[in-house]
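Let us take a guided walk through this protein model together. Keep the viewer open as you read, so that you can follow each stop.

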Amino acid sequence: MDTIVQRMQDTFEQQRVAFLAKPYPTLSERKAKLKALKGLLKRYQDRIAVAVSADFGGRSPAETKLIEVLGPILEINHALHRMRQWMEPQRRATELLFLSNSALVNYQPKGVVGVITPWNFPLYLSLGPLVAALAAGNRVMIKMSELSPRATELLAQMLAECFAEDEVAVFGGEVAEAQAFSHLPFNHLVFTGSPAVGHHIMRAAAQHLTPVTLELGGKSPALVASDSAVEMAAERVAHGKAFSSGQVCLAPDYALVPRHQLDAFAGAVERSFRRLYPTVQGNHDYTSMACEPHAQRIRDLLVDATAKGGRAIACGDIGAGRRIPLHVVTGVRDDMRIANEELFGPILPVVGYETLDQAIEYIAARPRPLALYAFGCKGAELDRLTKLTHSGGLCVDDWGWHAFNHDLPFGGTGNSGMGSYHGEEGFRELSHAKGTFKRAPWFPMGLFYPPYGNLVQRLVFKFYLGHADPSLADASLGQRATQVPMQ
Ligand code: NAD
C-alpha cells in the first residue's frame, strides 16, 4: 500500500486511541496548545513567506504574512479570550411540565478531526480549522494540497516541534491520497476547496456518517448600489480582485453596476489598480498565478470572453510569465465562461443593471455565493438586500474583511458550503452539544407512567391538547388504533 496512505491510517488509529485515553483536555491544556501554535507562527513567519512564495512562483510576502500568519494569530487570540466561556455548560430552560429538574448543554470534544486544505492559503486554511479543533479539545489530521509541497513540508516540520503525531499530524501527497484521507472514519471532516470536489467529500464522509463542514467557493458579487459609490467601490473591488491575483475564495468575482455607470466604473477600477501596482512584471507586491494550468485557464477565459464580443481592458503591463494584470471585462454575455465559472484570478466582469430589484434578481437566480459585497447601500435598501439574497457572508462598503473578524461565523451556504467556523461557531461546530437532563430526586415522574388516565395526566392533556381523556377522543377510531394490522 501507498506509504502515505498507510501512515494516515496508522496515525488515525493512534489519534483515536490517544483521544479515548484523554477524552477531555482541560482549559489550561487547550490554551497551552494554542499558545505554542502562536509561538511557532511568530518564529516561522519569514520561512512561511518564503515557502509559500516558492510554491506560487512569486507570492507577495506581505500578503502571506497578513493572511497566513496574522490571520491564525488573531484567531488564536480570540479563542484564548473566549474559550473559558465557550467550554462552560449552558443552562437551558425545562418545559413548564418539568419545572424543578435541570437542563444543560455540555460541549464535548468530538475526537479526531480531519482537515483538507486547498493551495491558495495553505497555512491559514489549515490553521484556522486547527485552532477551532484544538480549542474544542480534538485531535487533528491535516491533508494539504498537492499544489503546495513546500508549505506542506514546512508546516509539518513546524507543527512537529510542539505536537506529537497523535495530537496533530500533517500529510502531503497527491489527489489519490486526499481521496483516501476523505474515506477515514473521522469524527468530523472540514473540507476547504471547490464545490465540485465538495460532492466527492460528502459521498466519502457518508460511508461513516462523518459530519462535514464544507468551505467552498463560488461567484461572489460586488454590487455597486448607488452612483455616489462608484469611485469608492472601484478602489476596494480593484484591491479585492488583485490581492493574491484574485486567487482568494472571497475575492469579488464580478461587479454589478448601474448600467449608465459601466464605463465610469471600469475606468475607475483600472486607475485604482495602476495606483496600487504601478508595474506588474517583477513587482513583488503582486502575486503570480500559482501554476501554469491556472495561468492558462485565465488566458483562456479572456479569449472566450473577447471571442464572444466582450471588451477586456488590461489594467497593467503584460509579460510572458504568470503575473497577469487585472483585466476588466465589459459587454458580458450569459454564454461567456466568465459569467458562469468561479474566476479565482485577475478578471473582473462588469455587468450592468437598471434597478436594484433587477440586481437582486440576478444574484438570487444564481448559485448561492460565499460572500456578497454591497457598496453604497444603506437603510431600507440594505435591509432588503440582506433579506432577499443568500450568501455565506455580507460585507458592506468593502470586501472580505468580515472573514478577518473572528467573532463572526465564516462559512458558505448552498453551493458555497455548509457549516461554519471561526470564533464561537468554530468551537461549537467541532464540539458535540450534548443535551443533558437531570431529574430532581423528588420529581413525581411516575405520574406520567401507566395506567393512563390519572388526574394529572388529564389536566396536562386538557391544557395542551384541549381534551382531558388520554384515550382516543374520536371513539369511532378506537377500534382501529387497538387492532393488530392483518398481514
Ligand atoms: P480543490 O477542490 O481542487 O482541492 C481542494 C483539496 O481537495 C486539495 O487538497 C485537493 O488535493 C483535495 N482533493 C481534490 N480532489 C479530491 C477528491 N476527489 N477527494 C478528496 N480530496 C480531493 O480546490 P483548490 O483548487 O485547491 O482550491 C480552490 C477552490 O477552493 C476554489 O473553489 C475556492 O473558492 C475554494 N476555496 C474556498 C475557501 C473557503 O474558505 N470557503 C477558501 C479557499 C478556497
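What follows visits a helix pair, the nonpolar cores, a small sheet and one buried residue. Please keep in mind that this is a predicted model.

A good place to begin is the pair of helices α2 and α3. Their axes come within 9 Å and cross at roughly 175 degrees. An angle over 145 degrees counts as roughly antiparallel, and α2 and α3 are therefore roughly antiparallel to each other. If you colour their contact by residue class, you will find 16 nonpolar, three polar and nine charged residues.

From here we can move to the largest nonpolar core, which has 48 residues. Within this core, L34, L37, I48, M158 and L159 touch the most other members. Helices and strands both contribute: α2 (27-56), α3 (61-87), α4 (124-135) and α5 (149-160) are among the elements that each supply at least two residues, and so are β2 (102-109), β3 (112-116), β4 (139-143) and β5 (168-171). The biggest share comes from α2, with ten residues.

To see this packing from the point of view of one side chain, select L37. Setting aside neighbours within four places in sequence, L37 is in contact with I76, L127, L130, V131, L159 and F163. There is also a second, separate core, made of 45 residues, and L125, A268, Y277 and A403 are included in this second core.

Next comes a sheet. Strands of a sheet pair through backbone hydrogen bonds, either parallel or antiparallel. Which arrangement appears in the sheet that holds β1, β2 and β16? The pairing is antiparallel, in an open sheet of three strands with the order β1-β2-β16. The edges are formed by β1 (90-92) and β16 (431-438), each of which pairs on one side only. On average, neighbouring strands here are turned by 30 degrees against each other, direction ignored. Eight bridges join β2 to β16, and you can pick out one residue pair by eye: N106 has K434 in β16 as its bridge partner.

Our last stop is A222, which sits in strand β8 (residues 221-224). Is A222 buried or exposed? Its relative accessible area is 0%, so A222 is buried. Beyond neighbours within four places in sequence, A222 is in contact with V237, P252, Y254, A255, L256, Y373 and F375. For a sense of scale, try a distance from A222 to R323: these residues are 101 apart along the chain, and their C-alpha atoms are separated by 24 Å.

Terms used: Residues numbered from 1 in each chain as written. Predicted model: local features only at pLDDT ≥ 70, side-chain atom pairs only at ≥ 80, totals over all residues. Heavy atoms only, no water. Core = buried A, V, L, I, M, F, W, Y, C linked by side-chain atoms within 4.5 Å. Buried < 20%, exposed > 50% of the residue type's maximum accessible area, 1.4 Å probe, protein only. Helix = DSSP H or I, 4+ residues; strand = E, 2+ residues; numbered from the N terminus. Contact = heavy atoms within 4.5 Å. Axes fitted to C-alpha atoms, helices over the stretch in contact; angles between N-to-C directions. Parallel < 35°, antiparallel > 145°, perpendicular 65-115°, else oblique. Nonpolar A, V, L, I, M, F, W, Y, C, P; charged D, E, K, R; others polar. Pairing = 2+ DSSP bridges.
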